[in-house]
Amino acid sequence: MIATMLPPDNHVHTEWSWDAAHGSMEASCARAVELGLGTIAFTEHMDLTRWVITPGCKGATQREALRVGPDNRFNPPPLDTNGYQASIQACRDRYPGLRILSGVELGEPHWFGDQCAALLAGGAYDRALGSLHSLQIEGEPWIIDDLYSPYAPADLEPDGIMRAYLAEALRMIQSSDLFAVLAHIDYPVRAWPAEAGPFEPADYEEEYRGVLDALARSGRALEVNTTVPLRAEIVRWWYEVGGDAVSFGSDAHRPSQLARNFLEVSAMVEGVGFRPGRDAHDFWRRR
Ligand SMILES: [Zn+2]
Ligand SMILES: [Zn+2]
């Protein structure tokens, strides 16, 4: 039974995430059962960064434009923690055979320590992901995706964006202990422009190893995000710096994306030297 070998999907969005218009916790549970997934974590967005939006930015869709203030900053909708927790409970009642973990994806937790700490203190979250989606450019916060656009203020080039990203990710790890899993360490690859040529992890090996080393020394888990499957080189560096735990995450924003690419990616991670943890719900661990 191949399906029972799938690792937990520890990074899933539903209708409780502001950017998941097609999300559904209920349908995601049904899909998890269909796939034979034993464990699923619903990690909704907690975003406090007010991104700069200029006309032409990818972020400025009609729906999002409604939340742009007079200062041309986007106001991310708050997480409805009560509604979310009630939905988790309803799904646990309805799907007793599925292990349903609560969770949150903290955007730039090192910039919002007090608010993130208050959220975690007030509710039970089994999985706290730390995510970097943004960079400060000339004192203003930009979502990475928009930094490749001609509207971005600084001409960083994809190479510069990747290096700035990894430097900020290192600061995030060093200055915040609120999250247990570093999400999508390769986030800038998602919007990497074709004309820049293929992304080559080896070009950033030193920076990646620095981030991974800090993460390993703090005893946290590396997420292998499967949206754009994380490159094997980076997982191997994680092993080499002594990283212990791997968390798999589809980053699904709709039920059909649940556990995407998990078979191939878990085989790759196993080849590097990690294996399922103590029980089926655990992170994968180094052999
Ligand atoms: Zn994210
Ligand atoms: Zn996410």
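1. A donor, as the word is used in this note, is an N, O or S atom within 2.8 Å of the metal, and because water is not among the atoms, a site may look incomplete. With that in mind, the two zinc ions of this predicted model can be taken together, since Glu105 bridges the zinc ion (ligand 1) and the zinc ion (ligand 2), which lie 3.5 Å apart.

2. The zinc ion (ligand 1) is coordinated by an OE atom of Glu105 and by the NE2 atoms of His133 and His184, at 2.0 to 2.2 Å. Along the sequence these donor residues follow the spacing E-x27-H-x50-H. Within this set, Glu105 in strand E3 and His133 in the loop between strand E4 (127-131) and strand E5 (134-137) link distant parts of the chain, being 28 residues apart. Both Glu105 and His133 are buried.

3. Around the zinc ion (ligand 2), the protein donors are His11 (NE2), His13 (NE2), Glu105 (OE) and Asp251 (OD), which lie 2.1 to 2.2 Å from the ion. The angles subtended by these 4 donor atoms run from 80 to 170°, which makes the arrangement irregular. For a tetrahedral assignment of four donors, all angles would have to lie between 85 and 135 degrees. The sequence spacing of the donor residues is H-x1-H-x91-E-x145-D. Glu105 lies in strand E3 (residues 99-107) and Asp251 in the loop between strand E9 (245-249) and helix H9 (262-272), so this pair ties together parts that are 146 residues apart in sequence. Glu105 is buried, with a relative accessible area of 1%, and Asp251 is buried as well, with a value of 4%.

4. Which residues touch the most other members of the largest nonpolar core? In this core of 78 residues they are Phe42, Ile100, Ile185, Tyr208 and Val269, and helix H6 (residues 157-175) gives the most to the core, with 7 residues. The surroundings of Ile185 can be listed in detail: leaving aside its neighbours within four places in sequence, Ile185 is in contact with Tyr165, Leu166, Tyr208, Val211, Leu212, Leu222, Leu230 and Ile234. A second, separate core has 6 residues, among them Leu129, Val181, Ala245 and Phe283.

5. Helix H8 (residues 232-240) has Ile234, Val235, Trp237 and Trp238 as its buried residues. Seen down the axis of H8, these buried residues fall within an arc of 155°, so they line one face of the helix. As general background, an α-helix has 3.6 residues a turn, so residues three or four places apart point the same way. The elements that cover the buried residues of H8 include helix H7 (205-217), strand E8 (221-225), E9, H9, strand E10 (274-275) and strand E11 (284-286). After H8 comes Gly242, whose phi is positive, near 100°.

6. How many disulfides does a search of the whole structure find? The search returns 0. For Cys29, the closest cysteine sulfur is that of Cys91, at 3.8 Å, which is too far for a bond, given that a disulfide requires a pair of cysteine sulfur atoms within 2.5 Å. Both cysteines of this pair count as buried: Cys29 has a relative accessible area of 0%, and Cys91 has a relative accessibility of 3%.

7. Pro188 has its place in the loop between strand E7 (181-182) and H7, and it is buried, with a relative accessible area of 0%. Not counting residues up to four places away in sequence, Pro188 touches Ile144, Tyr148, Ile161, Met162 and Tyr165. Arg73, by comparison, is 115 residues from Pro188 in sequence and 21 Å from it in space, C-alpha to C-alpha.

8. Two residues deserve a look at their backbone angles. Asn72 has a positive phi of about 60° although it is not a glycine; it is found in the loop between helix H2 (62-65) and helix H3 (81-94), and at 42% relative accessibility it counts as partly exposed. Glu157, also not a glycine, has a positive phi of about 65°; this residue is found in helix H6 and is partly exposed, with a relative accessible area of 46%.

Conventions: Residues numbered from 1 in each chain as written. Chains lettered and ligands numbered in written order. Predicted model: local features only at pLDDT ≥ 70, side-chain atom pairs only at ≥ 80, totals over all residues. Heavy atoms only, no water. Donors = N, O, S within 2.8 Å, 3.2 Å for Na, K, Ca; no water. Tetrahedral: all angles 85-135°; square planar, octahedral: opposite > 155°, others 65-115°. Helix = DSSP H or I, 4+ residues; strand = E, 2+ residues; numbered from the N terminus. Buried < 20%, exposed > 50% of the residue type's maximum accessible area, 1.4 Å probe, protein only. Core = buried A, V, L, I, M, F, W, Y, C linked by side-chain atoms within 4.5 Å. Contact = heavy atoms within 4.5 Å. Arc of directions from axis to C-beta.
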